[in-house]
Amino acid sequence: MPRYQVLCYIRIRIGPSSHYESVGEYYEGEIINSGGYPFYGEDGNMWVSYTAYSGATRYVCYSDGFTRYLTEI
């Protein structure tokens, strides 16, 4: 599975859309170690899913078409 570095502040969500509840955030420079591959979410943006320490699936925006929030490392 790919790893990602966060390029700028992003919210962690419970589903693949900005309409879902935010349950945390990542800041520039942080690493997501177990991300999946980018896919188009319900809102048309590209999202990455990963398994949180709690075992729950979480989502972060990869790109909204204007800004790229993650880079694969």
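Select S17 first. S17 touches E42, D43 and W47, leaving aside residues up to four places away in sequence. Keep in mind that this is a predicted model. S17 sits in the loop between strand 2 and strand 3. Is S17 buried or exposed? S17 is buried, at a relative accessible area of 2%.

**Stop two: the hairpin**

Now select strand 6 (46-51) and strand 7 (residues 57-63). The two strands run antiparallel, joined by 6 bridges. Pick M46 and look across to strand 7: its bridge partner there is S63. Then move to the turn. Strand 6 and strand 7 form a hairpin, with 5 residues between them. Centre on G55 in that turn and check its backbone: phi is positive, about 95°.

Show the surroundings of strand 7. How many of the 7 residues of strand 7 are buried? The count is 6, so strand 7 is largely enclosed by the rest of the structure.

**Stop three: aromatic pairs**

The structure holds 4 aromatic pairs. Two are on this route.

Select Y9 and Y27. Their rings form a tilted pair, 5.4 Å centre to centre, with 50° between the planes. The tilted label follows because the angle falls between the cut-offs, under 30 degrees for stacked and over 60 for edge-to-face. Trace the backbone from each ring. Y9 belongs to the loop between strand 1 (4-6) and strand 2 (10-13). Y27 belongs to the loop between strand 3 (22-26) and strand 4 (31-32). The pair links distant parts of the chain, 18 residues apart. Turn on the surface. Y9 is partly exposed, with a relative accessible area of 37%. Y27 is also partly exposed, at 45%.

Next, select F39 and Y59. This pair is edge-to-face: 6.3 Å centre to centre, 80° between the planes. Which parts does the pair tie together? F39 lies in strand 5 (residues 39-40) and Y59 in strand 7, so the link spans parts that are 20 residues apart in sequence. Check the accessibility of each partner. F39 counts as partly exposed at 28%. Y59 is buried, with a relative accessible area of 17%.

**Stop four: the open sheet**

Select strands 4, 1 and 8. They make an open sheet of 3 strands in the order 4-1-8, with antiparallel pairing. Which strands stand at the edges? Strand 4 and strand 8 (70-72) do, each with a single partner strand. One side of each is therefore left without a neighbour in the sheet.

Zoom in on strand 1 and strand 4. They pair in the antiparallel sense over 2 bridges. Pick Q5 to find one contact point: its bridge partner in strand 4 is I31. Switch on backbone hydrogen bonds here. Strands of a sheet pair through backbone hydrogen bonds, either parallel or antiparallel.

**Last stop: the largest pocket**

Stay on I31, which also helps to line the largest pocket. Add the rest of the lining: Y26, I32, N33, S34, Y50, T51, A52 and Y53. The pocket has a volume of about 150 Å³. Which elements give two or more residues to its lining? Strand 4 and strand 6 do. Now colour the lining by class. It has 6 nonpolar residues, 3 polar ones and no charged residues.

To finish, keep strand 4 and strand 6 selected. Strand 4 is an edge strand of the open sheet, and strand 6 is one arm of the hairpin with strand 7. The largest pocket draws on both of these strands for its lining.

Definitions and conventions
Residues numbered from 1 in each chain as written. Predicted model: local features only at pLDDT ≥ 70, side-chain atom pairs only at ≥ 80, totals over all residues. Heavy atoms only, no water. Phe/Tyr/Trp six-rings, centres within 6.5 Å; stacked < 30°, edge-to-face > 60°. Helix = DSSP H or I, 4+ residues; strand = E, 2+ residues; numbered from the N terminus. Buried < 20%, exposed > 50% of the residue type's maximum accessible area, 1.4 Å probe, protein only. Pairing = 2+ DSSP bridges. 1 Å grid on protein atoms, 1.4 Å probe; cavity = no way out; pocket = protein on both sides within 12 Å on 5 of 7 lines; lining within 4 Å. Points joined across faces, edges and corners; volume = space filled by probe spheres on them. Nonpolar A, V, L, I, M, F, W, Y, C, P; charged D, E, K, R; others polar. Contact = heavy atoms within 4.5 Å.
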